[in-house]
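I opened this entry to keep a record of what I looked up, chain by chain and then element by element.

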Amino acid sequence: MPGDEAGGGGGRRPFVRAAARLRPTRRATARLRPEGRAGGASGRFRWEAAASLGALMLGWEGAVRAFHVPAWLLPAPSAVVRAFWAERTVLLDHAAATVTEAAAGLGLAALLAVAVATAMAFFAAVRAALYPLLVVSQTVPIIALAPLVIVWFGYGMLPKVLVVALVTFFPLAVSLAEGYRTADPRRLALLRTMGGGRWAAFRYVLWPSALPSFFAGLRIAATYSVTGAVIGEWLGATKGLGVYLIRASKSFAIERLFAAIAVIVGVSLLFFAAAEFMARLSLRGGPTMDAAER
Amino acid sequence: MAGGGEGSSAGLEICGVRKAFPDPKRPDGRLNVLDGIDLAVPAGRFFALVGPSGSGKSTLLDIVAGLVRPDAGTVHFSGAPIDGRPGTAAYMMQDDLLFPWQTIREHVALPLLVRGVRRREALRQAEAILRDFGLGAFVDRYPSALSGGMRQRAALARALVQGTALVLLDEPFGRLDALTRASLQEWLEGVYRRERRTILMVTHDVEEALYLADRIVVFSPRPARVVDVVEVPFDRPRTRSLRADGAFVRLKAALLERLLALLPEPGDRPASAPFR
């Protein structure tokens, strides 16, 4: 038996299995990495994360039961799950509104960010004029701006879309602008020796160079977008998870509040995953060897 | 247009080219790089440019490529001025400069696409050239999945596909191991014999210059001047055994001697950063 394991396929199999398990993950995260820089959050949930989350839930459940914490103060996870199940159709209905607002706002912000960042990349004057404004705009607290947007645009869907766009525009525009700036000047020069003009430089060097950075920004913006939509709803709406949150807290249905929070977290993660998926579709080619060779 | 006598097509003519870069660390605020370069490469000839590191060889190529404007002097090719006008010369810069987001086929198609060739046609031509270059099986690979030698060949294919009569190569095989470099030199010699374009190649490697070039131009340390133009007397095709040939070895030793004499003695060299 021992000899059987040492020789041939038997001994190799664990390695092969381990390699097969590791390979897709590694390749996927490496591909997202902008060249020469260490990648940010990989967005992968490994079993360690699942274990720590499970431990947290068990501890929470145990503590609530052991110390007889009243449900209006802190509901046990099991109570939250029951509340979610009882409210599932209502919750999903509200979630649909929030998702629509977040997606529309994020899309609007992405379009604007591409337009503004690209204009800044092409024209130094535009950059000089807009970049400080961009940074200053980010220091305006969104919670103060949101009521204003509602005063201007009413209680419909549009003001929420605008709040989301306001929240997500900055990370998108800045990450894309930074991405353009990281483009290798030698690569741009090479394109000129091919007889290429500004459009060729943009299409074949600037844009592909900026994409990894842009997607890093998109992942941040995607998670912000759901929170932005909820804040917008919170200040005045007829539908959405923000509305549900207010109703739950006003009626002291704390387990429903927690269920809504769980849905918000879930929706945010879905947005994050969608951004990750788009990044993986767009960023082909994998990491460059440049960094390793220098 | 094709062939013709040497007198009719003028090749590359560099006259009195000077270049200084601003350098605030120097007393006069300027770093003199090129100090009046005169050089003529007849059409269809292969010239190598050797000299100490930092002597401005790459700057001269940048000027010929039209990327950098000289402070004084002119650059002509086939009688037309080309300084400050990129697009006349194909230029393979140092470090291969491949794009991690493109397949090898897309790399070679790129100069064609930039010039307005339709995408399908450009990709088809690129594949044909890559097959010639021995990379036919790797057209859909990304640079990260290629060896150093394959990357250099792909970068060279990208430069040559432009079809320009003038080709500039900046240490095309600089980062390769000796064996890969030798085999790529033989391959490039073959490409040159087939196409007979005008080539100006910067290299640090005296043997590479001798093996490939018709003439070797020697630069002085910065600010650079042409201190020597060495005629390479060997017939083409250059064979593998040429490297061990007595005349080749003697010429190589003489050239090395010439280059080393240009450098300050290690002992006499003034400390670049004096102690304080």
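What follows are my notes on the two chains, then on one strand and one surface patch.

Entry 1, the chains. I note at the outset that this is a predicted model, and I read every value below with that in mind. I began with chain A, where I found 13 helices and zero strands, so that I simply wrote its order of elements from the N terminus as an unbroken run of α. Of the 294 residues in chain A, 39% are buried, and its accessible surface is about 16300 Å², with 70% supplied by carbon and sulfur atoms. I then turned to chain B, which has seven helices and 10 strands; buried residues make up 50% of its 276 residues, and about 12700 Å² is accessible, 52% of which belongs to carbon and sulfur atoms.

Entry 2, contacts along the sequence. I looked up contacts between residues at least 6 apart in chain A, and 74% of these join residues at least 24 apart. For chain B, I found that residues 24 or more positions apart account for 68% of the contacts with a separation of 6 or more.

Entry 3, strand 8 of chain B. I asked myself how many residues of strand 8 (residues 198-202) of chain B are buried. The count is five of five, and both faces are covered, with B:T198, B:L200 and B:V202 buried on one side and B:I199 and B:M201 buried on the other. Next I looked for the pairing partners: strand 3 (residues 46-50) of chain B pairs with strand 8 in the parallel sense over four bridges, and here B:F47 stands opposite B:L200. Strand 7 (residues 166-170) of chain B also runs parallel to strand 8, joined to it by five bridges, and B:L169 stands opposite B:M201. I traced the chain from strand 7 through helix 5 (residues 178-195) of chain B to strand 8, and I recorded this β-α-β crossover as right-handed.

Entry 4, a patch on chain A. I looked up a nonpolar patch on the surface, formed by A:L148, A:V151, A:W152, A:F153 and A:L158, which together have about 540 Å² of accessible area. Helix 7 (residues 142-153) of chain A gives the largest share of this patch, four residues, and A:F153 has its place in that helix. Why can A:F153 count towards a patch at all? Its relative accessible area is 40%, which makes it partly exposed, and a patch residue needs over 30%.

Definitions and conventions
Residues are numbered from 1 along each chain as its sequence is written. Chains are lettered from A and ligands numbered from 1 in the order in which they are written. This is a predicted model: local features need pLDDT of at least 70, side-chain atom pairs count only at pLDDT 80 or more; totals for chains, interfaces and linings use all residues. Side-chain values use heavy atoms; hydrogens and water are left out. Buried means under 20% relative accessible area, exposed over 50%, partly exposed in between (1.4 Å probe, protein chains only). Helices (H or I, at least four residues) and strands (E, at least two) are DSSP runs, numbered from the N terminus. Two strands pair if DSSP finds at least two bridges between them. A crossover is right-handed if, with the strands pointing away from the viewer, the path from the first strand over the helix to the second runs clockwise. Patches are made of residues with over 30% relative accessible area and no salt bridge: like charges are joined within 9 Å, nonpolar side chains (Val, Leu, Ile, Met, Phe, Trp, Tyr) within 5 Å. Accessible areas come from the Shrake-Rupley method with a 1.4 Å probe; for residues, only the protein chains shown count as cover. A salt bridge is a side-chain nitrogen of Lys or Arg within 4 Å of a carboxyl oxygen of Asp or Glu. Contact means heavy atoms within 4.5 Å.
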